[in-house]
Amino acid sequence: MNLQILPLLLKETRFRWVVHLLTVCLIAFVVSLLVTQGSLNRSAEDKVNELTHKLGRGMLVVPEDTDLQQFYLMRYGAETMPEDYSDRIESSHLGKHIQVIEPRLYGNLTVQGMDVILVGRRLQFPVSSDSRHELVVIGSGLARRLGLSSGDNLVVNNHKLRVFAIVDPPPKGYDMAIFAPLKTAQRILGTPGRINALHLSGCWCELDVPALAAKVESILPGTMAITVDGMAKAQIEIKSTMEQYSVIFWIAGGVLVTASIAFLLFYLIHKGRREIGLLLSIGMSPGRIVIKNIIISVATAVAGALAGYILSIPLMSQAGRMFMRVSLSPSAQVLPWLVAVITGAALLASFIPSWYISRLDPTKLLREE
Amino acid sequence: MLELNSVTQQFRNNQKETVTALSDVSLKVQEGEFVSIVGPSGSGKSTLLFITGALLRPTKGEVYLMGEDIYAHPASYRAGLRLERIGFVFQTFNLIPYLNALDNVALPAVLTTGSRRKATEKAEELLRRFGLGHRLNHRVSELSVGERQRVAICRSVINEPALILADEPTGNLDPEMTHEVMNLFAELNRNGITVIIVTHEEAVASYAERVLHLRGGILQNGG
């Protein structure tokens, strides 16, 4: 292909810019959906991995009415269970398999207009000389926002607290948290003797984990036991279903892109029949015209893909906030797939128009009015 | 220069009937000749021109151009021949609408030389010579019909062809423009280019040195 013919391509594109623009817009729309869907899938997978990693080999026991989705989003409901459930599980026949039992009470508070998470857990503090203030540990973000440092006092729900220490860096997600002894947390939240989570960990690699969870639930009535094993199975099923839909989605996208490029090429051939006749008559070979069309289709597809990738940035941000409550950006891992699908679609799309051009009779084209 | 030996061309029409467009046509044209082929509409003039111009393989017969049987060679050879040795001029000009006059004329030279700069310089020189120096950057739609045909003639000669084939080149022109365009062909012929024109107008045909008549696909007065 003579590169000097490229200005001809550009001028033709400019002359019929509307149809090119429409094709680019359509491809961009499809691509942005593909990128968003692909990246959402990957982000969801990352989130599950992160959660699984967090839970490790542990088991989480919560009141059975707990909304788990809200729980993992750190929005805690009013559901609680007795604090002595920790003793009950320890003294049961399962106790020997469990190394750590940690009762917790989580809650949401508003402190000086800021949303704060209260984490009540078994904490050992030195005995305070000032019995009017209860000792707590706070996250560094909260300390910064409230201008607090160790030894400062604060009031939460009419309870006087004193900052014993600041956790810096805090555990992920607990930047704005107050860590208090369980009893203190129960007093603040007005739920004495109650907890809403029991973290168990141990070595149950040789045990039937789902059966173990069922036993825990029978020992602790009104609870549900969540294990990584169960979550992983559920997520694997969800992921497998999502992947099946992804394949369909990508095939549909590919077909749409192919069809739109093929439509563009047929439109250009139809509108430029006499031009093709002329080019053939002045000695341009059908092969050159075919290459010219392939360049048009690949360039249009690439322009559409780039526009689509850029369009997916705000789209993903919106979709992420809507579905996962986080701001997402397009995954770079989607790009190789995108390039492969788009290039394939462009080449496939130019196949039939190219064959059609090779069959055109220039003498008929030149006689057309 | 050009020799057609017993060329016959048949088509199948929409009713699947065989139609004979040219019947056993033989023709010899010497280098530097100016020949007109006159005939009414449907007489096979354009078909004869397309066969001569390496665009349409005849059903029967041979076509020799500069000693070569052009249809014995592959399509790529014929494409090269059209690009470098033959110039076409059409009744409807067949200019590319999104290019200006300069780019339309330069196009064949760009394909041959690969140099846009050289092709443009040559196209500009030609357009100025043909009185279109003030129209270089005008789009086709901004040119008069006479100017369009002059641009088409410039395009046909930019690669310095040995043969110009013109299909009803004055069909869309008024008498004044017809005279002007035919004088251009005569001038090109005086510069050594062989010119073959097909037309239905005797007056146009009279500009040529030799006039042949084609009726019903048969060359009347011999080639």
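This passage describes the sheets, turns, aromatic pairs and one pocket of a predicted model.

In chain A, nine strands make up an open sheet. Their order is 6-7-5-8-4-3-10-1-11, and the pairing is mixed. Strand 6 (153–156) and strand 11 (223–227) of chain A are the edge strands, each pairing on one side only. From one strand to the next, the twist averages 35°.

Helix 6 (residues 182–189) of chain A packs on this sheet. The helix touches strand 3 (98–111), strand 4, strand 5 (134–139), strand 6, strand 7 (159–167) and strand 8 of chain A. Its direction makes about 35° with that of strand 3 of chain A.

The pairings of the chain A sheet can be followed from the strand 6 edge. Strand 6 of chain A pairs with strand 7 of chain A in the antiparallel sense, over four bridges. Here Val155(A) stands opposite Lys160(A) of strand 7. The two strands form a hairpin, with two residues between them. Asn157(A), in the turn, has a positive phi of about 50°. On strand 7 of chain A there is also a parallel pairing, with six bridges to strand 5 of chain A. Ile138(A) has Ile166(A) in strand 7 as its bridge partner.

Strand 7 of chain A is followed by a loop that leads to strand 8, and Pro169(A) lies in this loop. The peptide bond between Asp168(A) and Pro169(A) is cis, with omega of about 0°.

Strand 8 (residues 177–181) of chain A runs parallel to strand 4 (residues 114–121) of chain A, and five bridges link the pair. Within this pairing, Ile178(A) in strand 8 is the bridge partner of Leu118(A).

Strand 10 of chain A takes part in two antiparallel pairings. With strand 3 of chain A, strand 10 shares six bridges. Pro103(A) stands opposite Leu198(A) of strand 10 in chain A. With strand 1 (residues 58–63) of chain A, strand 10 (residues 197–202) shares four bridges. Met59(A) has Leu200(A) in strand 10 as its bridge partner.

Strand 3 of chain A also contributes to an aromatic contact. Over all chains, a search of the whole structure finds nine aromatic pairs. One of them joins Phe71(A) and Tyr106(A). The ring centres of Phe71(A) and Tyr106(A) are 5.9 Å apart and the planes stand at 90°, so the pair is edge-to-face. Phe71(A) belongs to helix 3 (residues 68–72) of chain A and Tyr106(A) to strand 3 of chain A, so the pair ties together parts that are 35 residues apart in sequence.

Chain B has an open sheet of six strands. The order is 6-7-8-3-9-10, again with mixed pairing. Strand 6 (86–90) and strand 10 (218–219) of chain B are the edge strands, and each pairs on one side only. Strand 10 of chain B runs antiparallel to strand 9 (residues 210–215) of chain B, and two bridges join them. Ile218(B) in strand 10 is the bridge partner of Arg215(B).

Two helices of chain B contact these strands. Helix 5 (residues 145–157) of chain B packs on the sheet and touches strand 6 and strand 7 (163–167) of chain B. Its direction makes about 165° with that of strand 6 of chain B. Helix 6 (residues 175–190) of chain B lies across strand 3 (34–38), strand 6, strand 7 and strand 8 (194–199) of chain B. Helix 6 runs at about 155° to strand 8 of chain B.

Outside these strands, Ala54(B) has a positive phi of about 65°, although this residue is not a glycine. Ala54(B) sits in the loop between helix 1 and strand 4 (60–65) of chain B.

The second largest pocket holds about 780 Å³ of space. Its lining has 31 residues. Closest to the pocket centre are Arg367(A), Ser46(B), Thr47(B), Phe50(B) and Asp167(B). Elements giving two or more residues to the lining are helix 12 (362–367) of chain A and, from chain B, strand 1 (2–12), strand 2 (18–29) and helix 1 (45–52). By class, this lining has seven nonpolar, 14 polar and ten charged residues.

Note on methods: Residues are numbered from 1 along each chain as its sequence is written. Chains are lettered from A and ligands numbered from 1 in the order in which they are written. This is a predicted model: local features need pLDDT of at least 70, side-chain atom pairs count only at pLDDT 80 or more; totals for chains, interfaces and linings use all residues. Side-chain values use heavy atoms; hydrogens and water are left out. On a 1 Å grid over the protein atoms alone, a cavity is a set of points where a 1.4 Å probe fits but cannot get out, and a pocket is an open set with protein on both sides within 12 Å along at least five of seven lines; lining residues have an atom within 4 Å of a point. Grid points are joined across faces, edges and corners, and a volume is the space filled by probe spheres set on the points. Ala, Val, Leu, Ile, Met, Phe, Trp, Tyr, Cys and Pro count as nonpolar, Asp, Glu, Lys and Arg as charged, and the others, Gly among them, as polar. Two strands pair if DSSP finds at least two bridges between them. Axes are lines fitted to C-alpha atoms, for helices over the stretch in contact, and angles run from 0 to 180 degrees between N-to-C directions. Contact means heavy atoms within 4.5 Å. Rings of Phe, Tyr and Trp (its six-membered ring) pair if their centres lie within 6.5 Å; planes under 30 degrees apart count as stacked, over 60 as edge-to-face and the rest as tilted.
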